[in-house]
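Trainee: I'd like to go through this structure with you and ask how each label is earned. Can we take it piece by piece?

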Amino acid sequence: MRMSSKAPKSHMFPIVVKNLSLEINKKILLNNLTCELTAHGITVIMGPNGAGKSLFVRCLHGLTKLTNGGILYGNLPVGAATRGRQSMVFQSPKLLRRSVIENLRFVANLNKKNNQNLLELLKKTELSLLKDQHVSTLSGGEKQRLSLARALVSNPEILFLDEATSSLDPRSVSIIEDLMEEIKLKNVKIILITHDVNQAKRIADDIIFMNNGEIRETRLANDFFADPHSQEAKAFLKGDLII
Amino acid sequence: MRIIKKNLLIIFVLFFQATQVTASDAIILQSTTSTKNSGLYDYLVPLIKEDTGVSINVVAVGTGAAIKNAENCDGDLLLVHDTPKEIRFIDKGFGVQRYNLMYNDFVLVGPKSNPANIKTTDKILKALKKIAETKSLFVSRGDESGTDAKEKSLWNLLNIKVQSMSGTWYRETGSGMGTTLNIAIGMGAYALVDRATWVTFNNRADFEIIVENERILFNQYGLVTINDANCPNINLEKANLVIKWLLSDEGQTRISSYEVKGEILFFSNFNK
Amino acid sequence: MVSLSSLTIACFIGIPLGTVLAIKRFYFRKTLLAIINSLMGLPPVLVGLIVYLYLSRSGPLGWLGILYSPTAMIIAQVILIAPIITALSNQIIEELHEDYRDLFLSLNAKPIQAVIAYIYDSRYSLLTVILAGFGRAISEVGAVIIVGGNIDHLTRVMTTAIALETSKGNLNLALGLGIILLIISLSISLLVMWIKSFSKRYAHV
């Protein structure tokens with residue numbers, strides 16, 4: 001397995017995936033995945049539809065039970081304990097049917113250790129003016145920005161984003177990308193699924209390329225885009241493998 | 001205007017009284033819709049409360065249902081009007097003692113158009129015979145109440161099998177006296193009704209009494225005590241106080257002096 | 001009043017039960033839901049009869065001595081409206097659960113925190129559910145007349161009073177009572193609508 005060139009810091013651990021398989025209704029959806037995710041930077045997971053990207057991320061975050069194999073975060077198996085140190089932004093924004101600020105407060109109140117500077121998070125996601133609005137009045141981009149702000153309330157060590165920016169307005173995309181770059185500098189590990197090759201080129205430090213429930217490549221981003229190894233990756237980057 | 005005011009008052013009283021919860025110290029009197037709808041209890045219950053200190057909750061159903069409820073021990077005292085059934089109730093061990101309390105009579109009511117062409121001089125049996133022959137509509141309680149039992153016994157005397165006619169010209173409502181009257185009036189059908197209910201009934205339309213004042217239409221109300229060997233939970237002591245009052249000169253006079261629209265509805269006849 | 005007490009009790013049973021059935025997965029869940037759904041259409045007279053048989057002094061619970069009392073009426077009404085509140089709130093919470101489930105798992109929210117959030121966030125929909133229950137409670141006559149006995153000053157409620165006055169032929173008074181009943185239920189509906197629209201406006205400022 002290829003490893004990132006960056007050295008892990010003391011309180012951060014890479015995620016180690018060993019022989020991970022997932023079967024639902026006797027259908028193999030993830031087939032014997034083994035890899036290590038770097039402890040820092042932005043890892044982008046790419047691949048055509050049905051490759052198993054979302055399921056893989058759900059497994060990494062401990063939302064879906066594995067059929068086989070294991071995932072270690074540091075020295076802990078993934079589960080409730082590790083979930084508490086991670087956050088996830090879902091593809092469809094899963095917002096509480098309340099006002100913007102109440103969505104942040106809800107997470108803040110779940111755990112008193114959480115980041116209490118909610119107004120600062122709203123400022124960073126440019127939602128300050130919408131603070132007291134009900135989420136049902138927000139646009140798609142605003143909703144996803146709020147999801148990101150909420151994910152950051154708990155000061156996560158790892159942030160998962162499942163196609164969080166697909167079909168959003170350009171301004172929201174750039175706000176979200178800027179914020180990702182900012183928190184990356186604070187040593188937050190970001191794992192992102194995207195269909196947008198240009199976005200991946202802009203922000204990825206390394207790439208995991210998946211197809212048919214298997215990992216095809218685990219590479220540094222620059223290497224991957226310059227010289228994809230697998231036929232599927234080549235076809236994918238050319239746009240021949242339909243997303 | 002005065003009626004509206006009175007109605008409003010009743011409505012408000014109902015409102016607030018529905019909230020009161022004081023069941024335990026009252027006795028339950030299982031009785032009939034005819035006595036209740038006549039307003040007799042609204043008149044007697046406060047008097048009894050004043051003289052004996054006993055409050056009474058009246059459950060008004062048909063005589064048959066009242067007796068069944070009493071067999072289930074769901075009453076402390078029984079006041080109904082079907083003497084043979086009352087005696088059977090005692091014979092079966094559910095009751096102890098039966099007293100004649102009061103009486104009135106049944107009347108045959110029908111629409112002014114009088115489709116069976118019953119003459120005012122006709123006796124009740126002849127009138128019923130005419131109804132059956134002309135297949136004029138007749139509405140029966142059909143609920144094993146005292147009125148129902150009386151009416152069935154009249155058809156029996158005529159040897160007319162009304163049960164087999166049920167659903168054609170002979171219609172059984174299975175409801176209380178007032179509901180049955182409403183239905184009879186709605187259909188323009190004849191009905192047998194106790195005089196108390198008829199006098200107090202306010203939705204008569206063009207209905208009038210067709211046949212009345214016959215010995216055979218005599219309607220006896222009986223007071224029956226419940227057997228506490230069978231129902232240990234009943235409040236016999238208080239029930240006895242009520243019985244004593246009802247059968248006393250005071251009680252008997254009070255019953256006979258209850259009037260609605262200038263008519264006496266019940267004639268007391270204990271020891272007569 | 002009787003209807004309000006039974007409504008309160010039915011809500012305390014129905015809403016948590018509906019919520020638990022929405023978010024917990026267990027073996028008899030589907031069966032239980034089917035039973036509750038069919039109980040929504042329970043004929044009031046049947047409920048009245050069954051409660052009567054239980055509370056009758058010769059029945060299994062006769063020693064309580066509560067037949068022909070407001071308590072008996074409340075019991076009958078709770079049996080009538082609790083299934084409605086359970087089934088409808090279950091439906092609402094289940095829909096919300098589809099939305100929130102992954103989020104709460106991701107956030108490690110405790111079950112009790114999740115339940116509170118579910119009920120809080122669907123409070124306006126639940127208000128409508130409660131209204132439906134209340135509607136059934138105050139309009140019902142078949143059950144309460146059997147177990148209550150329609151005793152003046154004790155167990156007579158609006159509907160049984162209407163039935164009584166109708167049987168006395170006092171159609172005007174019966175109609176008057178009916179109009180009062182209608183006004184009560186109308187004003188409660190309006191109040192709920194007003195609360196909903198007011199709170200929405202407030203939330204959208």
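Mentor: Sure. This is a predicted model, and a good place to begin is chain B, where the centres of domain 1 and domain 2 sit 26 Å apart, taken over C-alpha atoms. The contact between them draws on 18 residues of domain 1 of chain B and 22 residues of domain 2 of chain B.

Trainee: Which stretches of chain B make up domain 1 and domain 2?

Mentor: Domain 1 is 26–103 + 219–268, and domain 2 is 105–217. Those bounds come from an automatic or database domain assignment.

Trainee: How much area is buried between domain 1 and domain 2 of chain B?

Mentor: About 1400 Å², with carbon and sulfur atoms giving 53% of that. As for salt bridges, the rule finds zero across this interface.

Trainee: What makes the link between A:Arg98 and C:Asp121 a salt bridge?

Mentor: The rule wants a side-chain nitrogen of Lys or Arg within 4 Å of a carboxyl oxygen of Asp or Glu. For A:Arg98 and C:Asp121 the N to O distance is 2.4 Å, so the pair qualifies under the 4 Å cut-off. Between chain A and chain C the count is three salt bridges.

Trainee: And what does the rest of the interface of chain A and chain C look like?

Mentor: In contact there are 23 residues of chain A and 20 residues of chain C. Together the two chains bury about 1900 Å², 51% of it on carbon and sulfur atoms. On the chain A side, A:Lys94, A:Arg97 and A:Leu110 lose the most area to chain C, together 31% of what that side buries.

Trainee: How do you know that chain A and chain B do not touch?

Mentor: Contact means heavy atoms within 4.5 Å. No such contact links chain A and chain B, and their nearest C-alpha atoms are 39 Å apart.

Trainee: Which chains share the most contacts?

Mentor: Chains B and C, of the two pairs of chains in contact. Their contact takes 36 residues from chain B and 30 residues from chain C, and the buried area is about 2900 Å², 57% of it from carbon and sulfur atoms. The salt bridge count here is one: B:Asp76 with C:Arg57, whose closest N and O atoms are 3.2 Å apart.

Trainee: What does the salt bridge between A:Lys184 and A:Asp205 tie together?

Mentor: Its N to O distance is 3.2 Å. A:Lys184 lies in helix 6 of chain A and A:Asp205 in the loop between helix 7 and strand 9 of chain A, so the pair links parts 21 residues apart in sequence. Over all chains the count comes to 30 salt bridges.

Trainee: Now the second largest pocket. Why is this called a pocket and not a cavity?

Mentor: Because a cavity is a space the probe cannot get out of, whereas a pocket is an open set of points. This one holds about 810 Å³ of space. Of its 30 lining residues, the closest to the centre are B:Thr33, B:Ala60, B:Val61, B:Gly62 and C:Ile145.

Trainee: Which elements supply the lining of the second largest pocket?

Mentor: At least two residues each come from helix 2, strand 2, helix 4 and helix 8 of chain B, plus helix 7 and helix 8 of chain C. Domain 1 and domain 2 of chain B each give at least three residues to the lining. By type, the lining residues divide into twelve nonpolar, 15 polar and three charged.

Note on methods
Residues are numbered from 1 along each chain as its sequence is written. Chains are lettered from A and ligands numbered from 1 in the order in which they are written. This is a predicted model: local features need pLDDT of at least 70, side-chain atom pairs count only at pLDDT 80 or more; totals for chains, interfaces and linings use all residues. Side-chain values use heavy atoms; hydrogens and water are left out. On a 1 Å grid over the protein atoms alone, a cavity is a set of points where a 1.4 Å probe fits but cannot get out, and a pocket is an open set with protein on both sides within 12 Å along at least five of seven lines; lining residues have an atom within 4 Å of a point. Grid points are joined across faces, edges and corners, and a volume is the space filled by probe spheres set on the points. Helices (H or I, at least four residues) and strands (E, at least two) are DSSP runs, numbered from the N terminus. Ala, Val, Leu, Ile, Met, Phe, Trp, Tyr, Cys and Pro count as nonpolar, Asp, Glu, Lys and Arg as charged, and the others, Gly among them, as polar. Buried area is the accessible area (1.4 Å probe) that two parts lose on being put together, summed over both.
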